Amino acid sequence: MLYQRMGICLGENKQYLVQSRLKALMRDNNYVSLDELISDIVKGKTNELQEAALFAMTTNETYWFRDEYPFSILRDTLLPALLEKTTSLRIWSAACSTGQEPYSIAMTVLEQQRLSSRKFTEIKIVATDISQPVLDFATKGEYDSLAISRGLSQQRLSNFFTPKARSWLINDDVKRLVRFRPYNLLDGFGSLGEFDIIFCRNVLIYFNNETVATTLQKFSAQLPQGRYLFLGAAESAGVLNDRFKMIKQPQGLYYTRL
C-alpha cells in the first residue's frame with residue numbers, strides 16, 4: 001500500500017520501522033494487535049485511519065538550512081546566474097514537510113536580493129507534500145524553541161521571525177513568497193508549471209530504481225535547459241545522465257538540465 005500510494009519501498013528488514021511508527025496509532029485507536037491495525041489500514045476501514053497511517057509512515061525529519069551548501073550555492077551562484085537571464089524566479093520545494101526548507105529558500109532569496117543591485121520582480125516558491133497535516137503546520141509558519149534551534153542562526157531569527165509567548169512566527173515578507181499545496185510525487189507534474197530550480201532532497205532514497213528514474217524524468221520536463229536541481233547527499237541523478245549534468249563546487253554539488 002505504501003508503494004502504491006507513495007512510492008515508498010520498505011524491505012523485510014524494515015519491519016521494525018512499521019512497528020515503531022504505528023505504535024501510537026495502535027494505542028490511540030484502541031487496537032490490541034498490530035496485525036489487526038495493519039489489516040484495517042490496508043483494507044481502508046476508514047479514510048481517517050488510512051491517512052493517519054500514511055502520515056505516521058512518512059519521514060518528516062527536517063530543519064533550517066539543512067546541510068547548508070545548497071543554500072550557499074543558491075545565494076552565491078545560482079541566483080546571480082539567473083538574474084543574468086530573467087527577473088522572474090520560480091522554485092519548487094518538493095516533499096517540503098513542515099516548511100523549514102521552503103522558508104529557508106525564501107530567506108536565502110531575500111538575503112541575496114538585499115545585497116544585489118539587480119532584483120527579481122516576481123518570486124514564487126511552490127512547496128508541496130503528500131501530507132496535509134504537515135502542510136497545515138507549515139502554512140501557519142509558527143515554530144517552538146526546539147524547532148527554531150535546529151539550524152537557524154540568531155541573526156536570521158532576528159531578521160525573519162517575530163517572537164510570541166512560547167513560539168516564533170515567521171515574518172510576512174518570508175511567508176508571502178511561499179505557497180503550500182498537497183502533491184504526490186507519483187502524480188504527473190504538468191499542472192505545476194516550469195521551474196528555475198527544484199529542491200527534492202532526501203526523498204528518492206525511499207524509492208526503488210524504477211520510481212527514481214521516472215521521478216527524475218518528470219523533474220527534467222519541468223526544468224528548462226540550463227536550470228537547476230538539488231538532490232540529497234545520498235541521492236544521484238546519474239541514472240539520467242542524458243538529462244542532467246552534475247556540477248561540483250567546493251561546498252557541494254547540484255545538477256543542471258541539459
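Reader: How many bridges join strand S9 to S10, and in which direction do the two strands run?

Author: The model is predicted. As a general idea, side chains in a regular strand alternate between the two faces of the sheet. Here, strand S9 (residues 244-248) and S10 are joined by five bridges and run antiparallel. Phe244 has Arg257 as its bridge partner in S10. A hairpin of four residues connects S9 to S10.

Reader: Which other strand is joined to S10 by bridges, and is S10 covered or not?

Author: Strand S8 (residues 228-231) is joined to S10 by two bridges, and these strands also run antiparallel. The bridge partner of Tyr228 in S10 is Thr256. Strand S10 (residues 253-257) is mostly covered, with four of its five residues buried.

Reader: How many aromatic pairs does the structure hold?

Author: An aromatic pair is described by the distance between the ring centres and the angle between the ring planes. The structure holds 15 aromatic pairs. In one of them, the ring centres of Tyr103 and Phe180 are 5.5 Å apart and the planes stand at 70°, so the pair is edge-to-face. Tyr103 belongs to helix H6 (residues 100-115) and Phe180 to strand S6 (residues 178-182), so the pair ties together parts that are 77 residues apart in sequence.

Reader: Are Tyr103 and Phe180 buried or exposed, and which residues do ring pairs link into a cluster?

Author: Both Tyr103 and Phe180 are buried. Ring pairs link them into a cluster with Trp64, Phe137, Tyr143 and Phe161.

Reader: Which charged residues lie over a ring?

Author: Among them is Arg156, which lies over the face of Phe65 at 3.8 Å from the ring centre. Another is Lys218, whose charged end sits over the ring of Phe189, 4.6 Å from its centre.

How values were computed: Residues are numbered from 1 along each chain as its sequence is written. This is a predicted model: local features need pLDDT of at least 70, side-chain atom pairs count only at pLDDT 80 or more; totals for chains, interfaces and linings use all residues. Side-chain values use heavy atoms; hydrogens and water are left out. Buried means under 20% relative accessible area, exposed over 50%, partly exposed in between (1.4 Å probe, protein chains only). Two strands pair if DSSP finds at least two bridges between them. Rings of Phe, Tyr and Trp (its six-membered ring) pair if their centres lie within 6.5 Å; planes under 30 degrees apart count as stacked, over 60 as edge-to-face and the rest as tilted. A charge sits over a ring if NZ of Lys or CZ of Arg is within 6 Å of the ring centre and within 35 degrees of the ring normal.
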